[in-house]
Amino acid sequence: MSPSPRDSALVHAARREPAAHTPVWFMRQAGRSLPEYRALRAGTQMLQACRRPDLVTEITLQPVRRHGVDAAIFFSDIVVPLHAIGVDLDIVPGVGPVIARPIRSRADLSQLRDLTAADVPDITESVRLLTAELGATPLIGFAGAPFTLASYLVEGGPSKNHEHTKALMHGDPALWHDLCAQLAQISGAFLRVQAQAGASVVQLFDSWVGHLSRADYTTYVAEHSARALGAVADLDIPRIHFGVGTGELLPLMGAAGAEVVGVDYRVSLTDAVARLGGEYAVQGNLDPALLFAPWEALERRVREIVAEGQAAPGHIFNLGHGVLPDTDPDVLTRVVDLVHEISAR
Ligand code: CP3
């Protein structure tokens with residue numbers, strides 16, 4: 001029998017089983033740091049690109065071929081499922097998702113409805129094409145978590161302070177919970193479509209949830225993220241739960257229903273493992289800015305992270321957040337080679 005993604009270092013590490021080496025991939029590995037990505041994307045809007053299986057397949061494969069990473073991350077965006085149910089939005093280059101009519105009142109909720117597989121046949125097709133090409137290399141499917149999606153919908157676009165989101169959360173908790181319950185269905189269904197089409201791992205991105213206290217996370221967010229993650233609980237695939245600035249929230253994010261907790265660069269893996277009580281695998285946590293440092297400094301830090309990760313029940317090497325657009329792709333390849341070399345068992 002030919003090897004399958006189930007036998008890969010990434011899936012072993014995520015399941016807290018011994019892995020042949022520390023697996024490595026990079027958030028935003030597919031994208032603007034690659035000249036071959038920019039060439040392929042020229043003349044096509046981001047949202048259109050995300051809905052074309054030929055482009056999605058090729059863009060997802062580019063970093064796997066170039067860097068030899070241990071996983072592919074599905075090329076899409078957290079707002080694709082919202083767009084697929086008809087929310088009027090755009091992804092503006094250099095800005096991010098922009099929503100035509102922000103959600104601030106109960107009447108605005110009518111912009112949302114449940115997502116079904118029939119809304120995204122192209123996603124199923126893209127995942128099938130990809131998994132056929134990838135062979136034993138796992139594909140990571142993903143979705144945005146309810147809080148992060150709610151922030152874009154309520155603010156109307158990217159936000160530094162999330163003031164409208166927090167005002168709604170505290171000012172009209174019933175509306176907040178209804179909004180997040182709807183978003184949890186959408187996120188969960190989007191994860192499930194990818195998992196059923198062949199993704200071997202899923203990641204829930206709650207990028208901006210680090211702006212909340214533990215108390216607010218518990219009261220306003222945890223149950224909805226748990227529902228999104230719960231949508232694939234019966235499929236027996238590892239779930240990664242990631243956010244930025246979430247040092248205080250790590251155990252709560254694990255308890256929401258993940259096997260792997262993403263750690264950004266503000267908390268060391270050693271501290272993260274201690275906070276998580278040794279129960280979860282961890283993913284992270286190189287500062288993406290360090291990819292611009294001289295190789296000696298970068299190498300030292302990579303070695304420290306790999307060593308710290310060896311004390312975790314499972315470790316997936318990654319950045320603390322996404323690849324910055326001006327990153328030299330050759331440095332990423334060199335980091336992959338180094339991680340593999342120093343962690344081979
Ligand atoms: O390689 C990968 O990680 C796969 C694809 C991926 C994209 N977006 C492609 C993309 C993933 C996993 C995402 C998730 C995403 N999208 C998140 C969560 C991850 C994170 O970074 O915290 C968030 C918050 C978004 C929303 C979003 N979409 C932002 C903030 C941006 C950047 C805006 C900009 O231009 O600076 C986007 C657009 C986007 N999504 C791009 C890519 C490759 C850039 C679009 C382009 O190339 O024109």
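In the predicted model, the largest pocket has a volume of about 1,200 Å³. Of the 38 residues that line this pocket, Arg28, Arg32, Met46, Asp77 and Gly96 are the closest to its centre. When the residues of the lining are divided by class, 23 are nonpolar, 11 are polar and four are charged. Among the secondary-structure elements, helix α2, strand β2 (89-92) and strand β3 each supply at least two residues of the lining.

The space of the largest pocket is the one taken by the ligand. The elements that give two or more residues to the shell around the ligand are α2 (35-41) and β3 (96-99), and both of these elements also supply at least two residues each to the lining of the pocket. The shell comprises 26 residues, of which Arg28, Tyr37, Asp77, Ser207 and His321 come nearest to the ligand. By class, this shell holds 16 nonpolar, six polar and four charged residues. Arg28 and Asp77, which are listed among the residues nearest to the ligand, are also listed among the lining residues closest to the centre of the pocket.

Polar contacts with the ligand involve both backbone and side-chain atoms of the protein. An oxygen atom of the ligand lies 2.4 Å from a polar side-chain atom of Ser207, and a nitrogen atom of the ligand is placed 2.7 Å from an N or O atom in the side chain of Asp77. At Ala30, by contrast, the contact is made through the backbone, where an N or O atom lies 2.9 Å from an oxygen atom of the ligand. The ligand has 870 Å² of accessible area on its own, and the protein covers 91% of this area.

Two features of the backbone geometry were also noted. The peptide bond that runs from Gly284 to Asn285 is cis, with omega near -10°, and Asn285 lies in strand β8, which spans residues 281-286. His162, a residue other than glycine, has a positive phi, with a value near 55°, and is found in the loop that connects α7 (146-155) and α8 (163-171). In general, most peptide bonds are trans, and most residues other than glycine have a negative phi.

Terms used
Residues are numbered from 1 along each chain as its sequence is written. This is a predicted model: local features need pLDDT of at least 70, side-chain atom pairs count only at pLDDT 80 or more; totals for chains, interfaces and linings use all residues. Side-chain values use heavy atoms; hydrogens and water are left out. A residue is near a molecule or strand if one of its heavy atoms lies within 4 Å of it. A polar contact is a pair of N or O atoms within 3.5 Å; within protein, one must be able to donate a hydrogen and the other to accept it, and residues adjacent in sequence count only if both atoms are side-chain atoms. Accessible areas come from the Shrake-Rupley method with a 1.4 Å probe; for residues, only the protein chains shown count as cover. On a 1 Å grid over the protein atoms alone, a cavity is a set of points where a 1.4 Å probe fits but cannot get out, and a pocket is an open set with protein on both sides within 12 Å along at least five of seven lines; lining residues have an atom within 4 Å of a point. A molecule sits in a cavity or pocket if more than half of its atoms lie within 2 Å of its grid points. Helices (H or I, at least four residues) and strands (E, at least two) are DSSP runs, numbered from the N terminus. Ala, Val, Leu, Ile, Met, Phe, Trp, Tyr, Cys and Pro count as nonpolar, Asp, Glu, Lys and Arg as charged, and the others, Gly among them, as polar. Grid points are joined across faces, edges and corners, and a volume is the space filled by probe spheres set on the points.
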